[in-house]
Structure formats: C-alpha cells, structure tokens
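Let's take a walk through this model together. Have the sequence and the 3D view open as you read.

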Amino acid sequence: MTVKETMSIEDELEHHGRVAGGVHPGYKAHSRARMKLREQLRHTLRMYRAEGWEMPLPYNSELTVEKFVLGADAEAEAVFVEIRGKSEDSPERYVLYLEEGMEKVSCEGPEGPVEFVHPLNMKVWGYAATLPLWFDWLARRDAQNAHSWVCTEEHWESEDIETQLYRVERAIVSFDSTSNNTANFRTAQEFTDWLNEAAGPSTAQLKVLALTDAQAFSAGAEGSLYCTGLSHQAPGASGELPGELVVRPLEITLGDLTQKPRGVRSLGEGVGDWAGFSLVMDGAAVEQFHGDDMVPLYRVQEAFGTGEPRHPWWGITEEGVDSVLLVPARKAVVTLRYDRDGADVWFSAQSEDKHLNKAWAEEMWARRWGRELDHTRQLSQQEVQASVQKAEQQLIELHHQQQEERKNDDEASTGGQQ
Amino acid sequence: MSTLTVNPVKDRAERDTGFPPVPELGEGEGNPRCLWYWDVCTDTPTKKIVWRGKSSSENYAETLCARHYAVELSRFTEVHFVDCEGTVASHILDFGDM
Ligand SMILES: [Zn+2]
Ligand SMILES: [Zn+2]
C-alpha cells in the first residue's frame, strides 16, 4: 500500500487561505471539492456521534472526527486515519475508501483489506460498511491496542508446571465466552471447528450436524417432541415477534412443511427466547448434561449429514450425549462459554434480534463503566465512592420507577373493573 | 483470548444470562475475597448484594469490594432488564455495606 501525502483539516484551511489570493486557480477548484468532501465526512461522523446514536465512545479511545484526514488526491476519495498500535511507538494507519459516499466504505489496514464483522450480531459483512461503523470499529481497535500496552500477559497465564501450581493454590481458573452468527458457517465442519476452538482448554467434543432430511427428522422426532424455531408470525399473533426464537412442535418448523403453528410456548420461565445446553466434564467424559428441547439423536440420526444443510438448520450435539439441539442456520447468534478451565461448558442460541438488544445494552454499559472495569487502572477512594453512589442511585431510581409503574397498572386494572 | 477468574460464582451467571444450571457451585458469604469474577480481584469485600433465590433458603449474598460492587449494580440496572420482566424488588433483597 502506498501512503499518500496527507494534510490535516487545520493545515489545509491555512494552506487554502494562503493560496486564495488567486495565484493557483486550478488549486482552488480542486480544493473546493476537497472541502466539500470533508464537510460531508465531518457531518456524517458528527451526526453519528452526536444525534445519531447518542452513544459513548469505547472506553479509553482517543479517536476523534478531526483525526480523519483526506488524501492529497481529491479524486481518490480516500480518507486516512492513524490510531494507536499494539505498541506505543508504532501507530496503525488505515485508509478508508469512500466507494459510494459514506454508505459503502472499505477499509485497508497494515495487514490489507479489513473484513467487517458486526460487533453485536457477529455477522461477517464482507469488506464494505458505512463510515460511522468504521469509525466505531477504529475507535474500539484504538482502545484495545492501547490497553495491550499496559495489560501484558499476566504471570499466571502460562502452562508450565510452576504456574499451573500457582493457579491451583489460588483457585485461579480460565473462562471465556465467544459468540458467532450461524449465517457465517457454510458447512457442519466449519461450525464444529469454531465450537471446539471457542471451547478453549475444555475436553468437551462438540459436533455440528447438517439437517439434510427434514422428513426423516419429523418422522423420528414425532409430534410430541418440541424444538426451537424462528417465528414467522405477523407481530401480535400469539404474542410472538417475527424472527423470535420460539419453541413449537417439530413438524411446523422444518423445511417445506408449513402447517400452522400450534402450542407455541416460550423457552422457559424467565429465560426468554433462548435455547441451549450445559455440560460438566470430568476428564474426557461428560459428567453432567442438561438441555431443554433437545431430540434423542438415535431417533433422528438419518436426518443429518456432514456437509451443508439442505434445510436451514444445524443440529448441535456432544460426543457421548445422545441428544441433538436444532439451531437455525440464519438469524441466530450462538455463544460458547466455558469456565473452570473448560470443566463447565455452556452452548446457547438466541435469535439475532434478541441478542442484539442485549449485546447493545452490554456494550453501552461497558463503555460507560469502562474506567471502573479497567483492571489496569487504579482508582482513588473518592473515585470509587462516587461510582458506588452513582450505581446505588441508578438502582434506587429504577426501583422507584418500577414501583410507580406497578401502581399505575394496579390503578388502571381496578379502574377497568368499575 | 481467555480471561482468568478466582472462584467463579456460577449461579450468578445463570441468573444473568439464563444459562441452564450447573449444580453445586457458588461461594457466597464467608468468602474472604471479592467475588468479582471477570478478572482476579484480591481485595477484601466490604459491600454486599443479597439476591433473592427461588426460596428463602436460596437467597444469596454476593460480597464484593466497593469498586466491583458499583460495577455489578450498574450492570444489573443497565443491562439485566433488557430481557427480564422482573423488577429490582423481585431480584434484590438488600444491598450496601457488609
Ligand atoms: Zn473486587
Ligand atoms: Zn431478571
């Protein structure tokens, strides 16, 4: 990648002012186009920053709208930006190409073109995203890179005997949680490989099957068994939202079968639209297994193959566990989480929309409370005290608000009876 | 990328995420160390959040250092109700100094 000469907004304004006396008419026209583009750029980013989403920047990010600079060649519609790199003395340089205005922008970094993965629903978008989305991506990367300057590998994170003993003595265990969008997987093997990578040190052997024969699945599972499905209901009908993950009799969820839903129920009290199972491993063996809405595998084995699914469903199972969970191959986010060095494993699937709401709230919370969450940062007693006060106040306010709502609901229902 | 924790409290994770239960875990009162589990915190707990269990015998006191207490409370307020029909009162019995 060739790096072109760049000029900051301020430099350029000054430069423009100097030549504005009419000495370089060619430059004037050239500059006007640049100014217009710059205006547009700043406007788009400001919109996004200020009114658009009203969202805080990622904690510790130093990226600002002003750091985006135009390339020297106005025709190229290339925007340069420098963010902090993995080490303090090597910043990372990115070029954004405005292919179709601010809506279709591609990004090239030190390692070539960057593939955009939506940070909340984990969907791989390919190489084009909107300018605000790249701004946010760069802001997050800037913060992450800077974090790695101060957060060096902790002394307990190695696998030598001494460190292992240190961990055992202090009951330090590893845990992690990784999410992906099922639309990103083409074959059962791809999905299986991701699951086992996400399971880290765990001895669990998760396996993905591709649904190739919906009839065989229905026949094997029969109407009495339930599985999870994405609702195609119109809003309001039976309380479901379109695209919501629901549980229903198997025969209506599969392939070409389009009978009317019956007996739709939610996934369990207080759980929401969510499906999953958990494992407790003892060495290589499964010690405990818990899963709802799963189908005995032996009854539906012939319905599955190993390549690409012929119906938009994956079957998730664990070696040695004769149960399979159907997971939609579209519009679903799956999460693999482990704890206790992989002895506990949870697999879950959620509809993309539901996941997005939660992930959004979580991300905004992490940005607002980033300072308190940053373990590399010492806080003074006064700072901690202020955080405690703020958190308690928020909780109390929410409590009062909920009480008020409840009171109003009660009054409304008593009023209705009169 | 993995993270490390001390004595993870599993029933908490279940409450927050709806993950199916993994039995016989959880530490509770009497633990000398802050129960924050995202990263290692060696601070002594000074604050508590008493979570309501399904029955009174399942009520559970989460003991935390002041900083992680603030973080934990704020996460509950700002994130939990996105997909929970319950209320503050249906989840928390008591909070504040230990
Ligand atoms: Zn703590
Ligand atoms: Zn709840």
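Around the zinc ion (ligand 1), the 4 donor atoms subtend angles of 99 to 116°, so the arrangement is tetrahedral, a label for four donors whose angles all lie between 85 and 135 degrees. Donors here are N, O and S atoms within 2.8 Å of the metal (3.2 Å for Na, K and Ca), and since water is not among the atoms, sites may look incomplete. This is a predicted model, in which local features need pLDDT of at least 70, side-chain atom pairs count only at pLDDT 80 or more, and totals for chains, interfaces and linings use all residues. Residues are numbered from 1 along each chain as its sequence is written, chains are lettered from A and ligands numbered from 1 in the order in which they are written, and side-chain values use heavy atoms, with hydrogens and water left out.

Here are the two zinc sites:

| Site | Protein donors | Distance | Spacing in sequence |
|---|---|---|---|
| zinc ion (ligand 1) | B:C34 (SG), B:C41 (SG), B:C65 (SG), B:H68 (ND1) | 2.0 to 2.3 Å | C-x6-C-x23-C-x2-H |
| zinc ion (ligand 2) | B:H80 (NE2), B:C84 (SG), B:H91 (NE2) | 2.0 to 2.1 Å | H-x3-C-x6-H |

What about burial at these sites? Both B:C34 and B:C65 are buried, meaning under 20% relative accessible area (exposed is over 50%, partly exposed in between; 1.4 Å probe, protein chains only). At the other zinc, B:H80 counts as buried because its relative accessibility is 8%.

How sure is the predictor about chain B? The average pLDDT (the predictor's confidence in each residue, from 0 to 100) is 74 for chain B, and 68% of the residues score at least 70. Over residues 1–29 of chain B, pLDDT stays under 50. The model scores ipTM 0.75 and pTM 0.74.

Now over to chain A. It has 10 helices and 20 strands; these are DSSP runs numbered from the N terminus, with helices being H or I of at least four residues and strands E of at least two. Of the 418 residues in chain A, 46% are buried.

Strand β20 (residues 344–351) of chain A is a nice one to zoom in on: 8 of its 8 residues are buried. In a regular strand, side chains alternate between the two faces of the sheet. A:D344, A:W346, A:S348 and A:Q350 point one way from β20(A), while A:V345, A:F347, A:A349 and A:S351 point the other way.

Which strand pairs with β20(A) over 8 bridges? That's β19 (residues 332–339) of chain A, in the antiparallel sense; pairing takes at least two DSSP bridges. One bridge joins A:D339 to A:D344. The hairpin has 4 residues between the strands, and there A:R340 takes a positive phi near 45°.

How values were computed. Contact = heavy atoms within 4.5 Å. Tetrahedral: all angles 85-135°; square planar, octahedral: opposite > 155°, others 65-115°.
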